[in-house]
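Good morning. I will go through a few contacts in one structure, taking them one region at a time. Please keep the picture in view while I talk.

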Amino acid sequence: MQPQILVLKEGTDQSQGKPQLVSNINACQLVVDAVRTTLGPRGMDKLIVDHGGKAVISNDGATIMKLLDIVHPAAKTLVDIAKSQDAEVGDGTTSVVILAGELLKRLKPFVEEGVHPRIIVRAVRSAAKLAVDKVKELAVKIESKSPEEQRELLRKCAVTAMSSKLIHQQKDHFSKMVVDAVLSLDAPLLPLDMIGIKKVSGGALEDSFLVAGVAFKKTFSYAGFEMQPKSYTNCKIALLNIELELKAERDNAEVRVNNVEEYQKVVDAEWRILYDKLGALHASGAQVVLSKLPIGDVATQYFADRDMFCAGRVTDEDLRRTQRACGGAVLSSVREIRPESLGSCEAFVERQVGGERYNVFTGYQGDCVPEGCPAAKTCTIILRGGAEQFLEETERSLHDAIMIVRRTIKNDAVVAGGGAIDMELSKHLRDHSKSIAGKEQLLLSAVARAFEAIPRQLCDNAGFDATNLLNKLRQKHHQGEPWYGVDIQKEDIADNFEACVWEPAVVKINAITAACEAAAQILSIDETIKNAKSGEPQMPGRGMGRPRMG
């Protein structure tokens with residue numbers, strides 16, 4: 001009898017073969033079912049409560065996937081593709097997960113019947129290539145004849161991205177705001193961190209507005225703040241990383257003095273240092289002083305007496321955006337402040353937004369900034385709304401729309417949404433499969449069926465008869481109408497390109513590539529080895545005379 005050879009640690013979980021592959025596919029199906037109902041304009045929301053008891057309401061695929069604490073190793077692949085889609089293009093996160101899950105579901109019978117996974121993976125990869133080539137061929141490049149037409153195209157893409165979100169009722173208001181925000185950035189980079197989003201509870205969603213500049217919440221202030229002016233025109237701004245207050249001595253500092261006069265000299269020196277700093281700032285001509293560190297009550301009163309405005313404890317992000325928008329530099333010393341070290345803006349005002357007060361910097365004087373230091377363009381969106389969760393979901397929805405608009409500016413090719421492009425790809429793959437022999441024909445037609453998952457799910461989520469509408473769509477696409485998709489408003493099918501339901505082609509290309517790669521990766525796993533969890537650390541053995549540990 002052969003002796004049993006143990007290679008792996010005792011307690012290691014090892015599963016392999018066909019059952020293992022089917023188990024991985026089933027695990028992915030459960031993840032897909034969690035986000036399936038959030039797709040489309042009539043998609044439902046999910047309420048997720050984390051370990052700390054914080055509730056998040058969202059229908060954004062990537063957000064839900066991040067919040068689900070998935071432990072199954074194969075199902076985590078779907079979380080990764082949702083994150084990559086969110087980082088790369090910002091939208092289509094639910095679609096990519098549904099497509100990957102549907103591919104696995106359609107290919108599962110072939111795995112069970114014993115088709116070698118490598119043949120299936122090859123078919124998936126060739127289908128992905130065919131689909132991506134078809135999207136590139138069908139994509140309509142919008143020749144922007146004028147800025148107005150380009151703005152309208154971007155607005156339509158933003159509306160499509162928002163139509164499945166919580167804010168779809170106000171999509172016209174927000175789509176205009178998002179397009180204005182993105183177009184106000186510096187081309188061609190369009191840096192995302194130059195759009196600030198601030199949330200203020202209270203009021204209606206329609207009260208949200210865009211500031212063509214920097215806006216941030218009023219920071220903590222001392223007595224004397226109310227005496228400072230609250231608005232300036234053509235003002236100079238000093239940005240500091242310096243504390244402007246008397247320091248209480250700590251760290252066991254010790255100063256030995258023999259008489260009261262010497263003690264008074266120490267106190268006077270401290271005050272003189274502070275007043276020298278304040279005098280230097282006043283002499284520089286700055287009217288607004290912002291600092292990352294605290295500005296004390298003496299400094300606040302000093303600035304108020306000289307008609308200057310100050311704000312301490314400004315967050316790093318807000319200070320950086322102010323610097324990039326208004327020019328200047330963040331100073332760590334106030335000695336010899338040069339004029340080019342100061343920022344400048346056309347208008348500064350402190351205004352009330354709901355229950356909060358906001359400092360708003362708008363406009364920008366080009367002639368005040370030296371050559372080689374052009375000020376970046378920036379903007380801030382101030383959101384109003386009821387509950388905190390509602391505001392957070394609104395911010396996520398706007399992030400998706402902003403990403404879509406940025407992508408459309410960089411790659412101005414669009415395709416029709418609403419399941420139209422998915423049905424056309426399904427038809428294309430089905431037609432192509434008939435031209436090849438062997439197992440690949442069946443596999444390609446299975447992948448073609450998988451592409452119908454998006455329009456089918458759109459119908460299911462809206463409560464329509466999916467079978468009836470899909471049959472109508474198949475007929476239209478067979479007649480050579482590539483842009484027919486689901487029309488949610490009329491419970492029918494329609495030419496979605498005419499209806500301006502557009503999305504950037506890059507969203508679809510990225511989703512197809514990511515979904516097919518994920519499906520191929522899961523199908524090529526034939527064994528899972530889970531190492532045994534290490535138990536309690538064993539006590540080291542005691543030598544002679546060695547005391548007991550612990």
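Let us begin where helix α6 meets helix α7. On the α6 side the residues in contact are Gln-150, Arg-151, Leu-154, Arg-155, Ala-158, Val-159 and Met-162. On the α7 side they are Lys-171, Asp-172, Phe-174, Ser-175, Lys-176, Val-178, Val-179, Asp-180 and Leu-183. Sorted by class, this contact has 8 nonpolar, 2 polar and 6 charged residues. Keep in mind that this is a predicted model.

Many of you will ask about the spacing in that list. An α-helix has 3.6 residues a turn, so residues three or four places apart point the same way.

Now the geometry. α6 covers residues 147-162 and α7 covers residues 171-183. Their axes are 9 Å apart, and the helices pack at an angle of about 125 degrees. That angle makes α6 oblique to α7. The crossing of α6 past α7 is right-handed.

Next, the charged residues. Side chains of opposite charge can pair when their charged atoms come close. How many salt bridges does the structure hold? The count is 31.

One of them sits between the two helices we have just looked at: Arg-151 forms a salt bridge with Asp-180. The closest N and O atoms of this pair are 2.3 Å apart. Arg-151 belongs to α6 and Asp-180 to α7, so the pair ties together parts that are 29 residues apart in sequence. Are these two residues buried or exposed? Neither word fits, because Arg-151 has a relative accessibility of 38% and counts as partly exposed. Asp-180 is also partly exposed, with a relative accessible area of 21%. The cut-off for buried is under 20%.

Let us move to another part of the chain, around Glu-452. Which residues share a network of salt bridges with Glu-452? They are Arg-430, Arg-449 and Arg-474. In the pair of Glu-452 with Arg-449, the closest N and O atoms are 3.9 Å apart. A salt bridge here requires those atoms to be within 4 Å, so this pair counts. For Arg-474 and Glu-452 the N to O distance is 2.7 Å. Arg-474 lies in helix α15, residues 466-478, while Glu-452 is in the loop between α13 and α14, so this salt bridge ties together parts that are 22 residues apart in sequence.

As for exposure, Glu-452 is buried, with a relative accessible area of 1%. Arg-449 is partly exposed at 35%, and Arg-474 is partly exposed at 27%.

The last stop is α14, residues 453-462. This helix is mostly covered, with 8 of its 10 residues buried. Those residues are Ala-453, Ile-454, Pro-455, Gln-457, Leu-458, Cys-459, Asn-461 and Ala-462. What do they pack against? The list is α1, α4, α12, α13, α15 and the strand β16.

Take Gln-457 as an example from this helix. Gln-457 is buried, at 6% relative accessible area. Leaving aside residues up to four places away in sequence, Gln-457 touches Arg-36, Thr-37, Leu-39 and Ile-98.

After α14 comes Gly-463, whose phi is positive, near 80 degrees.

That is the end of my list. I can take questions now.

How values were computed: Residues are numbered from 1 along each chain as its sequence is written. This is a predicted model: local features need pLDDT of at least 70, side-chain atom pairs count only at pLDDT 80 or more; totals for chains, interfaces and linings use all residues. Side-chain values use heavy atoms; hydrogens and water are left out. Axes are lines fitted to C-alpha atoms, for helices over the stretch in contact, and angles run from 0 to 180 degrees between N-to-C directions. Helices (H or I, at least four residues) and strands (E, at least two) are DSSP runs, numbered from the N terminus. Angles under 35 degrees count as roughly parallel, over 145 as roughly antiparallel, 65 to 115 as roughly perpendicular and the rest as oblique. A crossing is left-handed if the near helix is turned anticlockwise from the far one by less than a right angle, and right-handed if clockwise. Contact means heavy atoms within 4.5 Å. Ala, Val, Leu, Ile, Met, Phe, Trp, Tyr, Cys and Pro count as nonpolar, Asp, Glu, Lys and Arg as charged, and the others, Gly among them, as polar. A salt bridge is a side-chain nitrogen of Lys or Arg within 4 Å of a carboxyl oxygen of Asp or Glu. Buried means under 20% relative accessible area, exposed over 50%, partly exposed in between (1.4 Å probe, protein chains only).
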